[in-house]
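Let's take a walk through this structure together, one region at a time. Keep the 3D view open and turn it as you read.

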4 protein chains.
Amino acid sequence: MPFNAGFVNKKKIINDPVYGFLTIPHPLLFDLLQHPYFQRLRRIKQVGMTYQVYPGAMHSRYNHALGAMHLMQQAIQQLRGKGQEITEEEALGVLVAILLHDIGHGPFSHALEYLFIADVRHEEISLRMMEHINKEWNGQLDTAIAIFTNQYPKRFLHQLVSSQLDMDRLDYLTRDSFFTGVSEGVVSWDRIIHMLDVRNDNLVVEEKGIYSIEKFIVARRLMYWQVYLHKTVLAAEFRMMQIMRRARELATRGEKLFGTPELLYFLEAAPGRDAFEQDPSLIDRFAQLDDHDLFSAIKVWAKHPDFVLSQLCHGLMYRQLNRVSLQNEAFDAALIESLKEQIVQRYGVLPQEVGYFLQSGTVTNDAYLPEKDIILILRKDGSLKEVTELSDNFNLKALSQTVVKHYLSVPKEFSLKTGIQPANTWLFLK
Amino acid sequence: MPFNAGFVNKKKIINDPVYGFLTIPHPLLFDLLQHPYFQRLRRIKQVGMTYQVYPGAMHSRYNHALGAMHLMQQAIQQLRGKGQEITEEEALGVLVAILLHDIGHGPFSHALEYLFIADVRHEEISLRMMEHINKEWNGQLDTAIAIFTNQYPKRFLHQLVSSQLDMDRLDYLTRDSFFTGVSEGVVSWDRIIHMLDVRNDNLVVEEKGIYSIEKFIVARRLMYWQVYLHKTVLAAEFRMMQIMRRARELATRGEKLFGTPELLYFLEAAPGRDAFEQDPSLIDRFAQLDDHDLFSAIKVWAKHPDFVLSQLCHGLMYRQLNRVSLQNEAFDAALIESLKEQIVQRYGVLPQEVGYFLQSGTVTNDAYLPEKDIILILRKDGSLKEVTELSDNFNLKALSQTVVKHYLSVPKEFSLKTGIQPANTWLFLK
Amino acid sequence: MPFNAGFVNKKKIINDPVYGFLTIPHPLLFDLLQHPYFQRLRRIKQVGMTYQVYPGAMHSRYNHALGAMHLMQQAIQQLRGKGQEITEEEALGVLVAILLHDIGHGPFSHALEYLFIADVRHEEISLRMMEHINKEWNGQLDTAIAIFTNQYPKRFLHQLVSSQLDMDRLDYLTRDSFFTGVSEGVVSWDRIIHMLDVRNDNLVVEEKGIYSIEKFIVARRLMYWQVYLHKTVLAAEFRMMQIMRRARELATRGEKLFGTPELLYFLEAAPGRDAFEQDPSLIDRFAQLDDHDLFSAIKVWAKHPDFVLSQLCHGLMYRQLNRVSLQNEAFDAALIESLKEQIVQRYGVLPQEVGYFLQSGTVTNDAYLPEKDIILILRKDGSLKEVTELSDNFNLKALSQTVVKHYLSVPKEFSLKTGIQPANTWLFLK
Amino acid sequence: MPFNAGFVNKKKIINDPVYGFLTIPHPLLFDLLQHPYFQRLRRIKQVGMTYQVYPGAMHSRYNHALGAMHLMQQAIQQLRGKGQEITEEEALGVLVAILLHDIGHGPFSHALEYLFIADVRHEEISLRMMEHINKEWNGQLDTAIAIFTNQYPKRFLHQLVSSQLDMDRLDYLTRDSFFTGVSEGVVSWDRIIHMLDVRNDNLVVEEKGIYSIEKFIVARRLMYWQVYLHKTVLAAEFRMMQIMRRARELATRGEKLFGTPELLYFLEAAPGRDAFEQDPSLIDRFAQLDDHDLFSAIKVWAKHPDFVLSQLCHGLMYRQLNRVSLQNEAFDAALIESLKEQIVQRYGVLPQEVGYFLQSGTVTNDAYLPEKDIILILRKDGSLKEVTELSDNFNLKALSQTVVKHYLSVPKEFSLKTGIQPANTWLFLK
């Protein structure tokens, strides 16, 4: 069906708190919204456990996918307005690609990626889901898949879906900032999209937009430390991960656990890449999982006889989370050893079970990573420059290095002897 | 502990997308936030199935309770600024009362009220929960409970919690309008609170605020028809109710159903007023239920061998809801009879099971109901008038009558022969 | 030049606090923005003396004209999306028409209409200015003028420019509400535009938009009483009018006044319809006037030896305005007579000069006036109904009557003996 | 009169588009609002010629002063809530000080400072005006003046009025960003104020607010380059300055110019520090000047026989401004010489008049200047650190250096031969 024709009289609109009205400009997009793979995104929170700190952050991956598609419509219109050719088929393809770019996320994906299907990244699951739908629907997603996998000749279409300045990032920063109430994460998506253009098949930003890019990068960094890597959010996500690890361990040992059949399948069978490659029904099973499976089980597990499982679950339900410390240097190995011993003694757990209660490692934050792909600025004389080279009075280079922080997550009752201040016991406040 | 003293150095703030920063001005309030009865509100959506039409409406009852408490702080400040005495103890009491006013809501409360505990209204459950906490905490909630139950001498404090212009309404209209994106439901809570005063122990509104009151009443009506009683929302909520009715019927018959232990308890035992009065553990059991129990079960029940249950659940999960029609007159009895027969034949269900698929009845909307309690306007000469008497050039009286509409909810495959237009099959759009 | 082509690479954007980015989609529109007739709108406040009550209301007619053009772009896109044909030429025409619809307004136009050019309405001046530009620019405004004067065959284009639901009203309510901070005046322009369609060459609103229309009408009424006809705004505008009347009287008598040459021309020559019809230079002279001419003169006139003029001007500069009373019934003639006598005695002015200090009369407010032109609702079955006939549960009829209020404006020092409360002496507050 | 008492029943509120409602908490503040010195701020635009680029930026210095006072009320409440003592008298003093901090600004102050009263900074004029009022009002401003001049013992009160993080900056960035529509300039004033505290009589920021401070500094820098030092804004402000210089030159030579008596006084008498020190009436004369005096004269001067004056004025009125170029290095002296010669030849002006048409020099932007005064961060362990020392993963140091740019401003008809691109001739767009 031709894009935006024959369909015009039943163009659909959806209210969105962030942008006002969203329009669904093609029946294929509408049909995708109804697909069970997509509808499940309604039941998966966009930012996992973040609502423990920012109570407003209840929005779903469904909201984000629609929002990113809305921004893509604006981007298409801008680029066409600047004389860039985007055919109807390409427009539809890139809209489908952005709509489905995150379809493979499972519940609490950032915490639980690899847990339900070991060694398989969510992008692979997204692609597999697209391929399933494409097969059902006789190839209507061919162009979208080519764009998503960067095999489509016009490379800038892929960049709109996945790059430093893609519609995914513009929407999630805008949306997460909106729902958390962290107004400082706001990015000028409107202005940035107005500044986009294409040169040599690369997405570029007009020079006069350089301050907006700087601010976008600063806002992204701020959102990382203030929201995504907030200590209490980390504590809750680590906890979720340990709960599922413990449940899987018990389940694979043959212990009976409460849970929906699909959740129990993943815990008991613990599928990995082999199953992903060979079992065509795995995707459909995965598509049954959502936040409800996890939380309904965790509430029940809080009374399970296994001390480790019930302790972890009880703490998550009743906000007795670990204290997470972040610092620039690695934590002292002796300190960690001593804490582990205390945990073994106090809790009466086995040494190999200590990892359920104490976690350490690093988190990283790349506000802008030019090694991966770069932001190109289109100068007034037509030349192109990488953004950090141009920004002469602002050290964007400082932001283009990966920041690594070491974390240590320990139950609050164990004190760190290193003189670190006792954490604020008023957990959910910044 | 004296209000706002001793506590000042650890005053807590929470980000809220609607109002910016919320402050928790007293440790008792903070402790209440942490109570399991209150924390469960995080897992109960404020507007139930509304997200089926307005995808942004994922906010929880927790968000609303905090918001209403924030508005109460503004109201206290305003009234004190106008010379009305509100002692520290009263201020704390009215803040506790508004914070907990909805604590007794269960999951999908508007649809499922009376289902889990027959014949008991959520206000009674709220009160019971407050009393439990009060007992645990040695009477710290005495004043709050007196205000909540309108037994406190200063009656206007109760009116701030529950009346035509209470902080509950101001917050829920503001908040639901915000998260649905229905900008027309916005009310000027700020201006209305600035116009509040007290005369003869009654909450009154200064005369210059009369247009704001009119607009508040119009906005409330608009939210009813556009959001709370939206046809698709009704269809989803009726569906939820029928699912739980069917599950309870099967459970009481002895059929084995999947579900969390607490959900199964309520379905199997089907407690009513007697249990509510006599079983002190019932409240704690009830406090275990949230949206996750229901949805995790419904996903599983969609494959249950009982045709009625699986059909109802499948439809809810995959957006095959009934078509709901609304009209001013009652639906033709013969039409309803004919539809019931068709359902029996096509689905092969028993006549007494038809009610799971076809519902009819009335919904009502009182934008402003002066019979219940009135909005008093404080004139410049100091006299008081009921708002509809004053508003000479605007027929508020028209808005002060209960509007009754008849609904008929039938699976989409059955056509109404009365010439009613086929419903829009694009479900989630207005 | 074809619309939106050849121009695409230099499409211009302007920041607007209300809508974000405005786009100028055609060079003709851009050229019009630069025209001196249009640039002068930057120096004319949109809502005259309103900033005396709402200090934020400093926005200019230039801001409003751009905003209305922005909304027109949205409306064109919506109607085209619903299959309504609007050619490129028509689109440009209707954009030009809305951009220039208010170009004929002079400074403080609501107060001073007819004062500088007696008996000539601002719409006539707008048309004359368009015709001047059209002549200069070889007929490029032909279509726009035909639409503006309702002589273009597609009547709905005129309705977009001038009717109960035109882009003018949608923008001015939105904008005036925004800048005054009266959030209750907000209208859902976005939703209303999405609901527009055309039937039988009439602009119509889809039935599901009926609550938005009701709210639009209520908001409009609210803005009238709370902003446009606010007592202090009226007092300031009456004052401005009396100042100019007095200055014109002195000037025509041959008194020397300070003022820009153009202001003095209008005061001394006091042109009327004859001059408007016969003197081709009058429009250019008129186009020189703006708020600066008036205020720079008024500051100087505050020290003029003429008691009436200096008294009036001093009061305007130093916020000693009249008290305005509004009531449903006419003011008592004896009261007015007595006040006039007091003024003559206290001020020592001539009886025929009393009118400079005391004004009485009526103000009217038509929230929706179906006698003039009606709002048509497009029902789901395709039929059309006038909005008040459809709105069965809301008495829109109450809003469709002209409300007339009587005013009496008197210097604050003269007390009304009728028991009316002394006005609030804190002038600028509502 | 005691603060907030006796006054409570007539507390006044004002609508503000930025913050909603502003409250005037004391009669002295209200009386100050009415003072002619203060009322004139209504007629002086906050950001001068900025509206030439951002048409919404019509807001006045009056709006800003009220807004800064509103933020000060929030700050007082926060600091008191953290146990910092601020007496009623101090609270009133610091509110008066912030309300009046900019009262000495004249029209287009950034461009015209020193022009009307040579060698005297606007802060000195502000202080002089405060002293005048203080004398009239029997010392009611004593505390305010002590705070304003940093002679009050509690130094942090002065810092709230004037420092890197004062309420002045927080409001003007918020407000200018709001009215220009440059959403990227938004600062989280709410969050920053919540993070303020006092240590050793210094205003400090709690450590968890460090990202907000970084973002504040970045936003400030962005506003400088995108708004305050925007090339077209610079061109318009340079033009305004040259017009007044030329007018003063003609006036001191004895040429007759049109203008209000006060404007002519300043042009003819050209007062300097001596007059400022010795002529007590000078301040009252200065307080008569506002934007209207300038624009009404400029419109008339556009037809003045002096070529320089009329050319400059005509260009300002009809948007034929200079092209301004900004670069990191100084402009080539030979280029400037050559341009000057061309101007002399083409315009037939004297060599000493070239400066009216061509300007060159430097503009600077200090996003954060620790040499002047520093932002102190209060760490969790109670220690204090300067912000750039703490921000380990972000090079705030890069922002703490003064950025100097060289400008060259030349009429558009003269081409720069250095290969610089021709400036965009669409003036008002970024």
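Start with a hairpin in chain B: β1(B) is joined to β2(B) through 3 residues. Helices and strands here are DSSP runs numbered from the N terminus, with at least four residues (H or I) for a helix and at least two (E) for a strand. Strand β1 of chain B covers residues 12–16 and strand β2 of chain B residues 20–24, and the two pair in the antiparallel sense over 5 bridges. Pairing means that DSSP finds at least two bridges between the strands. Within this hairpin, D16(B) stands opposite G20(B).

Before going further, a word on what you're looking at: this is a predicted model, in which local features need pLDDT of at least 70 and side-chain atom pairs count only at pLDDT 80 or more, while totals for chains, interfaces and linings use all residues. Residues are numbered from 1 along each chain as its sequence is written, and chains are lettered from A and ligands numbered from 1 in the order in which they are written.

Now put chains A and B side by side. Two copies of a chain are related by a rotation about an axis and a shift along it. Here, a turn of 180° with a shift of 0.0 Å along the axis lays chain A on chain B with an RMSD of 0.0 Å. That's the relation of a two-fold axis. The superposition is by least squares on the C-alpha atoms of residues with pLDDT of at least 70 in both copies. Which residue of chain A comes closest to the rotation axis? It's H292(A), with its C-alpha at 2.3 Å.

What about the contact between these two chains? It takes 41 residues from chain A and 42 residues from chain B, where two residues are in contact if their C-beta atoms, placed from the backbone, lie within 7 Å. On the side of chain A that touches chain B, the elements giving two or more residues include β1 (12–16), α3 (61–81) and α16 (291–301) of chain A. The most comes from α16(A), with 6 residues. By type, that side of chain A divides into 20 nonpolar, 14 polar and 7 charged residues. The nonpolar class is Ala, Val, Leu, Ile, Met, Phe, Trp, Tyr, Cys and Pro, the charged class is Asp, Glu, Lys and Arg, and the others, Gly among them, count as polar.

Move over to chain C and look for an open sheet of 3 strands, in the order β5-β9-β6, with antiparallel pairing. Its edge strands are β5 (322–327) and β6 (359–365) of chain C, each pairing on one side only. From one strand to the next, the twist averages 30°. Between β6(C) and strand β9 (residues 403–411) of chain C there are 7 bridges, and Q359(C) has S409(C) in β9(C) as its bridge partner. Helix α12 (residues 231–252) of chain C lies across β5, β6 and β9 of chain C, at about 125° to β5(C). Axes are lines fitted to C-alpha atoms, for helices over the stretch in contact, and angles run from 0 to 180 degrees between N-to-C directions.

Next, go inside. In soluble globular proteins, nonpolar side chains tend to be buried together. The largest nonpolar core has 524 residues, and M72(A), M72(B), M72(C) and M72(D) touch the most other members. Such a core is a set of buried Ala, Val, Leu, Ile, Met, Phe, Trp, Tyr and Cys residues joined through C-beta atoms within 7 Å. Leaving out residues up to four places away in sequence, M72(B) touches V94(B), L95(B), I98(B), L160(B) and M167(B).

A few loops round off the tour. A residue is buried if 20 or more other C-beta atoms, placed from the backbone, lie within 10 Å of its own, exposed if 12 or fewer, and partly exposed in between. V120(D), in the loop between α5 (109–112) and α6 (122–136) of chain D, counts as buried because it has 21 C-beta neighbours inside 10 Å. In chain C, Y114(C) has a positive phi near 80° and is partly exposed, with 13 other C-beta atoms within 10 Å. N150(C) also has a positive phi, near 60°, and is exposed, with 12 such neighbours.
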